[in-house]
Amino acid sequence: GEEVAALPEAPAAEPEAEGVAPRDTFTGRPIDGSPRFERTAAASSTRDGASMQWIITKTMQRELRTLGYTRDEIDSLDPQRAVQVIKLKIRRPSRGMPKKWRKDHSSSVLK
């Protein structure tokens, strides 16, 4: 038969410093269970350091689906509201996502 080459062993994990979250060996990201919001083109900062979310990233979409939101709700969800929903782990209400959470709601209120 054919011999199969053994995969190289992963490097031994370094001991974690006290108070530091362990990191995923593949991505290098902390694995403390909280959602990650990387600084990308999806968000921008104001002069005072506040962050403004412009789009819902694929990572955010996965988090929202885990919380029970439908694809249509996620597509219509205001990105700033999405950040808060994920951060606070707000599960989808049984009656569906409130209309005031939708992107088009905030613009229609201002008219």
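**Exercise 1.** In which loop is Asp-78 found? Classify its exposure as well.

*Solution.* The model is predicted: local features need pLDDT of at least 70 and side-chain atom pairs pLDDT 80 or more, whereas totals for chains, interfaces and linings use all residues. Residues are numbered from 1 along each chain as its sequence is written, and side-chain values use heavy atoms, without hydrogens or water.

Step 1: helices are DSSP runs of H or I with at least four residues, and strands are runs of E with at least two, numbered from the N terminus. Asp-78 sits in the loop between helix H2 (71-76) and helix H3 (79-87).

Step 2: buried means under 20% relative accessible area, exposed over 50%, and partly exposed in between (1.4 Å probe, protein chains only). Asp-78 has 22% relative accessibility, so Asp-78 counts as partly exposed.

Step 3: Asp-78 and Asp-104 are 26 residues apart in sequence, and their C-alpha atoms are 8.1 Å apart in space.

**Exercise 2.** Determine whether Glu-73 is buried or exposed, and list its contacts beyond its sequence neighbours.

*Solution.* Step 1: Glu-73 belongs to helix H2.

Step 2: because its relative accessible area is 7%, Glu-73 is buried.

Step 3: contact means heavy atoms within 4.5 Å. With neighbours within four places in sequence left aside, Glu-73 touches Arg-92, Gly-96 and Met-97.

**Exercise 3.** Place Lys-58 in its element and classify its exposure.

*Solution.* Step 1: Lys-58 is part of helix H1.

Step 2: the relative accessible area of Lys-58 is 63%, and therefore Lys-58 is exposed.
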